[in-house]
Amino acid sequence: METPGRPEPSVAWYNGVMPLSTGTGVSMGRHVTVNRLEMNHVTRDALNSTYKCQASNTKLVPPAERSVRLEMLLKPLTVNISDKPRQLVSETEYSLRCDVNGSIPDTEIKWMQNNRPFKRGKINQITNSSVATSVLTFRPAPEDDGTILKCEGSNPRLPNSALEDSMVMNIMYAPQVNLSLGSTLNPDDIKEGDDVYFECHIKANPKEHRIAWSHDGNPVVQNVTWGVIISTRSLVLQHVARYHAGQYTCAAANDRGETQSSPVTLRIH
């Protein structure tokens, strides 16, 4: 730089074709000049920007230049489960789509159920530019009713970058029915004259609209005079006699179907 007859070099920075103000540079010794470009508070908009350093010391030849493209690690901006169904029917196949936008360069998508990995069904992930899409295809089961299904998107290179979207699964299914003798009764110690009751345990969505009782295949109807009392999900038999012995079932029906319990045998000494 200090050699007689050698002109002082000129160094300039450009963002694309736009010139940037960086000063004239600092001489670092013989024939070496350094010009630094500093960018504070870089935003997402700077992704893939091209910066060019151009140096010249004469108009007789084109300036020498080098370019660099700015790459960035970016967190997701949004996570969205699209077209969330208000109702799902048990054992019917569905495909749910989750879009994760803005995670660069990589995107990790997880499906969770009540904060545990959802392992049923099939997952297909597609990445297009800055949007990654995961499609979950599965058949909901009655035990999924009321659970929270969550899609979580993150940049695996950045800690604490996860965003999520979730939905409560409302599963429609036929009643699940289980019949038992009253919990306070000993099935091997029921005598004539005792009071006996049965409990019909029902899980259903939507709620059952009808409950039916049977004794040895014949319908049981309420008759208070004869000591037969039906109350919601229970059947009471007062002062039982030997003709009350046999097999009892309960059945429940809703909009998805009707289900009958396994029989419970009443033995009377």
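**Salt bridges in a predicted model**

Good morning. I begin with a pair of charged side chains: glutamate 208 and arginine 233 form a salt bridge, and their closest N and O atoms lie 2.8 Å apart. This pair links distant parts of the chain, since 25 residues separate the partners. Glutamate 208 sits in the loop between strand E17 (196-205) and strand E18 (210-215), while arginine 233 sits in the loop between strand E20 (228-231) and strand E21 (234-237). Please keep in mind that what we are viewing is a predicted model.

Is glutamate 208 buried or exposed? Its relative accessible area is 11%, so glutamate 208 is buried, the limit for that class being under 20%. Arginine 233, with 27%, is partly exposed. The pairing also extends to a further residue: Lys207, Glu208 and Arg233 are joined into one network by salt bridges that share partners.

As general background, side chains of opposite charge can pair when their charged atoms come close.

Let us turn to a second pair. Glutamate 258 and arginine 210 meet through their side chains in a salt bridge, at 2.7 Å from N to O. Here too, distant parts of the chain are linked: glutamate 258 belongs to strand E23 (residues 257-260) and arginine 210 to strand E18, with the two positions 48 residues apart. Glutamate 258 has a relative accessible area of 47% and is therefore partly exposed. Arginine 210 is likewise partly exposed, at 38%.

The third pair consists of aspartate 106 and arginine 157, whose salt bridge has its closest N and O atoms 2.9 Å apart. Which parts of the chain does this pair link? Aspartate 106 lies in the loop between strand E9 (94-101) and strand E10 (108-113), and arginine 157 lies in the loop between strand E14 (148-154) and strand E15 (163-168), 51 residues away. Aspartate 106 counts as partly exposed, at 28% relative accessibility, whereas arginine 157 is exposed because its relative accessible area is 52%. In total, the count comes to twelve salt bridges.

I close with a polar contact. Asparagine 48 is located in the loop between strand E4 (32-34) and strand E5 (50-56), and it is partly exposed, with a relative accessible area of 42%. What does asparagine 48 touch, leaving aside residues up to four places away in sequence? It touches Arg69 and Leu70. With the side chain of arginine 69, the side chain of asparagine 48 makes a polar contact of 2.5 Å. Leucine 70 is 22 residues from asparagine 48 in sequence, yet their C-alpha atoms are 5.0 Å apart in space.

Thank you for your attention.

Key
Residues numbered from 1 in each chain as written. Predicted model: local features only at pLDDT ≥ 70, side-chain atom pairs only at ≥ 80, totals over all residues. Heavy atoms only, no water. Salt bridge = Lys/Arg side-chain N within 4 Å of Asp/Glu carboxyl O. Helix = DSSP H or I, 4+ residues; strand = E, 2+ residues; numbered from the N terminus. Buried < 20%, exposed > 50% of the residue type's maximum accessible area, 1.4 Å probe, protein only. Contact = heavy atoms within 4.5 Å. Polar contact = N/O pair within 3.5 Å; in protein donor to acceptor, adjacent residues only side chain to side chain.
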